[in-house]
Amino acid sequence: MIATHNLIPTMTSHNVRQRIARLQSVLARHDIDALLISDEINVRYASHFAGDSSLLLITRDSATILSDQRYATQLQLECPNIAHAIRPPDQALNDLVAEQVAKLGQVRLGFESASVSVATHREWKKKCEGVTWIETIGIVEGLRIVKDASEIATIRQAIDIAERTYQSIIPKLRPDWTELDIAHEIESTMRVLGAEGVSFAAIVGAGESGALPHYRPRRTHLADTATLLFDFGAKFEGYASDITRTLARENASSEFRHAYAGVLESQLAAIDAIGPGVATKHIDDVARQVLRKHGLAEAFKHGLGHGIGLQIHESPRLSALSNEVLAEDMVITVEPGVYFEGKFGIRIEDDVLVTSSGCEVLTHLPKALVDCCLIL
């Protein structure tokens, strides 16, 4: 039996009040009187409600969750300090929206245009007379990009589960195991250790399969493989972790060993460059410069990293196309990789917290090649 740590939910009603207050404080900046939040992840961030098919209506002095009777008890447990508008079975959600919006009078009402269909928007406009609907993009996401103390603590727990999963599985590997066997073992172990599940479908690439960055595991046996790439993460209390390690047998080629050394040097240099006020594209460029020195730049086919939180891919993005700047308490991944079709892939990924003076690497699994031996 795998021992579990004490995994304690870190979200509190204080966090919810703070987040709603922050949202209320930015309404005037966007020239709106209220905001109708429809994206389920954003609803969860602002209210701690983990259900679906529900909306959150924020005004400058109130907050109300619009939901249905399936969630009446869950809302009381998860959101005791937020008003609830619960629709009966014979009322459609859009009619509940119209009912609640009518109480606001003639207002400028923001809505999340990235998560609302044209058909739904048309129906809202039809049902809500006197309301001026204002398209908004990224209001809640703009707050989510910097994590509060409870979020950082929860991400640490998600990382801890992922790392203990890896440490449990590596000694079990056998030649007759397949990539799919490993992926299933990852999810099973994470759940035993207290995770809600995986934060994304695990990538397990043996040999040449590792050269496909978003590879889906197949029934490929480990017996004859010289390298094995793991990209995995756990979800705890809604928050994600994201780690990649690449293992190799003693008979791995000199080409692989040269490339591994370059990727590791690239990652360490990028991490060393992280700090508040640093442009994310600069971090990406630092990593590429090292790979270029090793003749590997053309084999690096994606951005250097991304934010993590309630979603596995959040802002900020670390890429040549990004115009974002790092700030204290952002949590990002740093994951340079090189891919050689028909041969192998290498990726090394850690989760990193931006601090006031630089950064803290939150992941602790060893990554020197000598520590990443594939023994079957």
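**Sheets and helices in a predicted model**

Let me open with a small detail: in strand 14, the residue that serves as bridge partner to Gly307 is Glu314. That pair belongs to strand 13, residues 305-307, and strand 14, residues 314-318, which run antiparallel and are joined by 3 bridges. Together, strand 13 and strand 14 make a hairpin, with 6 residues between them. I should say at once that what we are looking at is a predicted model, and please keep that in mind through the rest of this talk.

Let me turn now to the sheet of 6 strands, which is open, has the order 4-3-2-1-5-6 and shows mixed pairing. Strand 4, residues 83-87, and strand 6, residues 132-136, stand at its edges, and because each has a single partner strand, one side of each is left without a neighbour in the sheet. From one strand to the next, the twist in this sheet averages 25°. Within the sheet, strand 2, which covers residues 55-59, pairs with strand 3, residues 63-68, over 4 bridges in the antiparallel sense, and there Leu55 stands opposite Leu66 of strand 3.

Which helices pack on these strands? Helix 2, residues 40-47, lies across strand 1, strand 2, strand 3 and strand 5, and its direction runs at about 55° to strand 2. Helix 5, residues 118-127, also packs on the sheet, where it touches strand 1, strand 2, strand 5 and strand 6, and the direction of helix 5 makes about 155° with that of strand 6.

The other open sheet I want to show has 3 strands in the order 8-9-12, with antiparallel pairing. Here the edges are taken by strand 8, residues 203-206, and strand 12, residues 243-248; each has a single partner strand, so one side of each is left without a neighbour in the sheet. The twist in this case averages 10° from one strand to the next. Strand 8 and strand 9, running antiparallel, are joined by 4 bridges, and Val204 stands opposite Phe230 in strand 9.

Staying with strand 9, which spans residues 227-232, I would like to look at Thr227, a residue that lies in this strand. Is Thr227 buried or exposed? Its relative accessibility is 5%, and because the cut-off for buried is under 20%, Thr227 counts as buried. Leaving aside residues up to four places away in sequence, Thr227 touches Gly205, Ala206, Gly207, Leu247, Ala248, Phe256, Phe344 and Leu374.

Two helices lie across strands of this sheet, and we can take them in turn. Helix 7 lies across strand 9 and strand 12, running at about 15° to strand 12, whereas helix 8 lies across strand 8 and strand 9, running at about 150° to strand 8.

These helices also meet one another: helix 7, residues 149-169, and helix 8, residues 179-192, pack at an angle of about 130°, and their axes are 9 Å apart. That angle is why helix 7 is described as oblique to helix 8, and the crossing of the two helices is right-handed. On the helix 7 side of the contact we find Ile161, Ala162, Thr165, Ser168 and Ile169, which meet Ile182, Glu185, Ile186, Thr189 and Met190 in helix 8. Sorted by class, this contact of helix 7 with helix 8 has 6 nonpolar, 3 polar and 1 charged residues.

Technical notes:
Residues are numbered from 1 along each chain as its sequence is written. This is a predicted model: local features need pLDDT of at least 70, side-chain atom pairs count only at pLDDT 80 or more; totals for chains, interfaces and linings use all residues. Side-chain values use heavy atoms; hydrogens and water are left out. Axes are lines fitted to C-alpha atoms, for helices over the stretch in contact, and angles run from 0 to 180 degrees between N-to-C directions. Angles under 35 degrees count as roughly parallel, over 145 as roughly antiparallel, 65 to 115 as roughly perpendicular and the rest as oblique. A crossing is left-handed if the near helix is turned anticlockwise from the far one by less than a right angle, and right-handed if clockwise. Contact means heavy atoms within 4.5 Å. Ala, Val, Leu, Ile, Met, Phe, Trp, Tyr, Cys and Pro count as nonpolar, Asp, Glu, Lys and Arg as charged, and the others, Gly among them, as polar. Buried means under 20% relative accessible area, exposed over 50%, partly exposed in between (1.4 Å probe, protein chains only). Two strands pair if DSSP finds at least two bridges between them.
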